[in-house]
Amino acid sequence: MSAQSPPAMDAARDFLAEAEEVVEELSSRLGELSDMAEQGAWDPDLLNAIFRDAHSLKGLAGMFGFAVVSEVAHHTESLLDWLRMGKISLTRQVLEILFNSAELLATLMRSTLDGTLEQHREAVDAHAGAIAACMAPAGSSSPVSPLQKLGLSAQITGSLTDYEEHRLKENLGKGRFIHVVHASFELLTFDEGLNDLTSRLKGCGEVISTLPSVGENMETHIDFDLLAGSDLDREQLAVVLDGIAVDITFSGGGSVPETPSVPESVKETPPTELLPETVGSVAVFPLSSDQEVAPVFSGSDEPLSAKSMSRTVRVDIGKLDELMNIVGELVLAHSSIAALANRMRAEGFSRMAIDLGKAAKGLDRRLGDLQKGVMDIRMIPVGQLYEKMSRIVRKISREQGKKIDLKLFGAETELDKLIVEDIADPLMHIIRNAIDHGIEAPEQRLAAGKNERGVVRISSYQKGNHVVIEVEDDGDGINVEKIKKIALEKRLVSDISGLTDKEALELIFLPGFSTADTITDVSGRGVGMDVVRNNIAAVSGMVDIETWPGRGSRFTIVLPITLAIIKALIVFCAGRTYAVPITSVIESLILSPADIRTVEGREVISLREHTLPIVRLENFFRIERTGICPGDQYVVVVGVAEKRLGLVVDDLLGQQDIVIKPLGGAFKALRGISGAADLGDQRTILVLDSGSIISELMRSGGG
Amino acid sequence: MKSFTILVVDDSNAMRSLLVSTLESLGPVTILQAPNGFEALRIMPRQEINLLLTDINMPDINGLELLNFVRSNPLYKELPVVIISTEGSRKDIEKGLSLGASEYLVKPFLPEQLLEIVRRFL
């Protein structure tokens, strides 16, 4: 449709960003609703917010020509509409459909990017079918409107939306009093007063409608009529509203309900597992008149601007990358100036050299600030991942009938946005595994003397230049013997006699390994642990497992805080220059050939009474060494998580800030390389990925 | 040509920017935006508005309530109001018209449909 015309392009980008946000919001609200429903009572405002999410998504997708998304949102919206109007009740089955809807919408949003929307036709049709089945034809129950009897002014009833009318009837049906509260606020600061009033009314019931109106001083004041339902009668309400200048202009209702609060049609819904009858129940908040009012809108003392309401800017991550590249190049330019200053000093231009050196220092500080500023923009709290994870845990535990408490720690830990995105899938898979294979069924747990509710604990914290994410479960642990057996059966290893338990655990990361006796819907979907490890390694991370039989397991993921700009040790070997990220360098030492011993065909050296395996870079990359053999060689000790390895190189060229740029697809398969970096003197060098070199060497086994 | 100011009220950023980018093709008009009814009420006394475009389904103060306010305030008696909603909210649209909305648009609509309606009020 013509929405693709040039002026609409920006808007289309906005659409994707916003629609994604709406889907996220919808899912997390559904989670809340599901939790509330389990407790027995849910807030109609929450359900209405979910309805509005589906509604906006439908409208948005329709406007931007994504008919399939709009269609799914439309069906979801209809179901939600029936729910909020009390035409059907919130059963487990309905909740299930709603969760599926959110997931389908998320999938479709991703497909809008690569234009594969139509491939989901089948899922979309199935979704529509499930909803149609849920919404059995309604017995056209039109209860005699109790509204006329109430005697509200037409002024008020005239501007109620369909939904608000329904809420009014619900409140009446429950025998609540209906009040109209009139207030007059100064035009410039009305929001404060209105917020105060609204939250007091919500404290003792429900605000059905907020109707702005015109008062006597329309030049300076704006009036509001708030329609509210409450168990409090007029006098009691007056006490709650004491201290603010309002009039209760109408009070009615409050009688024994004459019409049933739930229309007839509800009773005709299929007899599925019903949650406690909750239609229309309202979570009543404890009454407190001095309740703190959370400011919803920006304070009125801010300078007025009609143009921009929002204090945040949504930025394409590509633009931030570009900015980061420029910062990186500036840092490089600075290095060459500093180097020039040094050379000048060495060649005798002492005074100018010192001045230039000073100027370079100043530039360095500012550059540092700039770099930190840009970095900060990219950082997002890990907590954003937690929301996704808690949805998944809820979904899986529902599917499998396992009872799980998810405990989350360190949500405020910050990580580069790109890493957070790349880590979501592997993390999700680890959690799925923990629930699927780790946590036992409730009966089994009880029999083992454990609480029937399993615990999955995700904790994040910063450790030096890394962020650590741990996923722990208190399940049965991983059976090491079983792993060895399967690895043998699948011919992934030829000999297990010498394997320690720790080494055996590593086997699950081999391609082609899967211990599930039957592949379940959960862990069997898609990938194995080898993919998990590769995905984590792709962002220069490492994953480690520990397990305690009968007590549970822990997966530890160690990630760099950012990939964008890092300090690196520049090394030289067999005529080539490489960068080793400083975060993985532990120390470097001079190699004396006499220290080298050979164990099982591999070279090792002794470092402070520990045996350190070493690898010669030229051997690892299979480079022919030409010309003379180097004199002194160096060992760069690198380590990721608990593993250590010595890289043997010809020379150390110093430390430098580098910007890692990804290699093209053709080089993706290269082991041991995480990207390329520009050294600032038109030379491009490869950046070593210590993590993958270590795992590559472990994989090749005994050599 | 005297200046013409349009206030666009919608809680969706993408929807607002689509409306604004379409309206910008009208030439020299001033376009103000509000993400909800509250903000609209804050803007209206401070700026002269010649046309109000509002979504109906918004949190807190909805489009109908905003419309009702506009119609009952003598200051805005003549202000044309165009309401925007989806087909499913037909009932709300009807209510809007009876409250005195000047025109309505059903989502999804083509940019040309929007422009055609707005041009009538220029």
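**View 1. A:His466 and A:Pro560 are bridge partners in a predicted model**. A:Pro560 sits in strand 11 of chain A. Its partner strand here is strand 9, residues 466–473 of chain A. Strand 11 covers residues 552–560 of chain A. The two strands run antiparallel and share eight bridges. As a general point, strands of a sheet pair through backbone hydrogen bonds, in either a parallel or an antiparallel way.

**View 2. Five strands of chain A build an open, mixed sheet**. Read across the sheet, the strand order is 6-8-9-11-10. Strand 6 (404–409) and strand 10 (542–548) of chain A are the edges. Each edge strand has a single partner, so one of its sides has no neighbour in the sheet. From one strand to the next, the twist averages 15°. Helix 13 of chain A, residues 383–400, packs on this sheet. The helix touches strand 6 and strand 8 (454–463) of chain A. Its direction makes about 170° with that of strand 6.

**View 3. A:Val456 of strand 8 has a partner in strand 6 and another in strand 9**. Start with strand 6 of chain A, which pairs with strand 8 in the parallel sense. Six bridges join these two strands. One bridge pairs A:Leu406 with A:Val456 in strand 8 of chain A. Now turn to strand 9 of chain A, where A:Asp473 stands opposite A:Val456. Strand 8 and strand 9 of chain A pair in the antiparallel sense. Eight bridges hold that pairing.

**View 4. A:Arg29 and A:Glu25 form a salt bridge within helix 1 of chain A**. Their closest N and O atoms are 3.2 Å apart. Helix 1 covers residues 9–39. The two residues are four positions apart in this helix, so about one helical turn separates them. A:Arg29 is partly exposed, at 22% relative accessible area. A:Glu25 is also partly exposed, at 37%.

**View 5. A:Arg378 and A:Asp416 form a salt bridge between distant parts of the chain**. The closest N and O atoms lie 2.9 Å apart. A:Arg378 belongs to helix 12 of chain A, residues 350–378. A:Asp416 belongs to strand 7 of chain A, residues 414–416. The two are 38 residues apart. Are these residues buried or exposed? Both A:Arg378 and A:Asp416 are buried.

**View 6. A:Glu603 and A:Arg616 form a salt bridge between two strands**. Their closest N and O atoms are 3.0 Å apart. A:Glu603 is in strand 16 of chain A, residues 602–607. A:Arg616 is in strand 17 of chain A, residues 610–616. Along the chain, the pair is 13 residues apart. A:Glu603 has a relative accessible area of 27%, so this residue counts as partly exposed. A:Arg616 has 18%, which is under the 20% cut-off, so this residue counts as buried.

**View 7. Four charged residues share a network of salt bridges**. The members are A:Glu440, A:Arg445, A:Lys450 and A:Asp474. How many salt bridges does a search of the whole structure find? The search finds 38 over all chains.

**View 8. Helix 18 of chain A has buried residues on one side**. The helix covers residues 529–538. Its buried residues include A:Met529, A:Asp530 and A:Val532. A:Arg533, A:Ile536 and A:Ala537 are buried too. Why do these residues lie on the same side of helix 18? They cover an arc of only 160° around the axis, which puts them on the same side. After the helix comes A:Ser540, with a positive phi near 60°.

**View 9. A:Thr598 is an exposed residue in strand 15 of chain A**. The strand covers residues 597–599. A:Thr598 has a relative accessible area of 58%. A:Pro613 is 15 residues away along the chain. The C-alpha atoms of A:Thr598 and A:Pro613 are separated by 9.3 Å.

**View 10. The whole of chain A puts the close-ups in context**. The chain holds 20 helices and 22 strands. Of its 703 residues, 48% count as buried. Its accessible surface comes to about 34700 Å². Carbon and sulfur atoms account for 53% of that surface. Among contacts in chain A with a separation of 6 or more, 70% join residues 24 or more positions apart.

Technical notes
Residues numbered from 1 in each chain as written. Chains lettered and ligands numbered in written order. Predicted model: local features only at pLDDT ≥ 70, side-chain atom pairs only at ≥ 80, totals over all residues. Heavy atoms only, no water. Buried < 20%, exposed > 50% of the residue type's maximum accessible area, 1.4 Å probe, protein only. Contact = heavy atoms within 4.5 Å. Areas by Shrake-Rupley, 256 points an atom, 1.4 Å probe, with all protein chains shown as cover. Pairing = 2+ DSSP bridges. Axes fitted to C-alpha atoms, helices over the stretch in contact; angles between N-to-C directions. Salt bridge = Lys/Arg side-chain N within 4 Å of Asp/Glu carboxyl O. Arc of directions from axis to C-beta.
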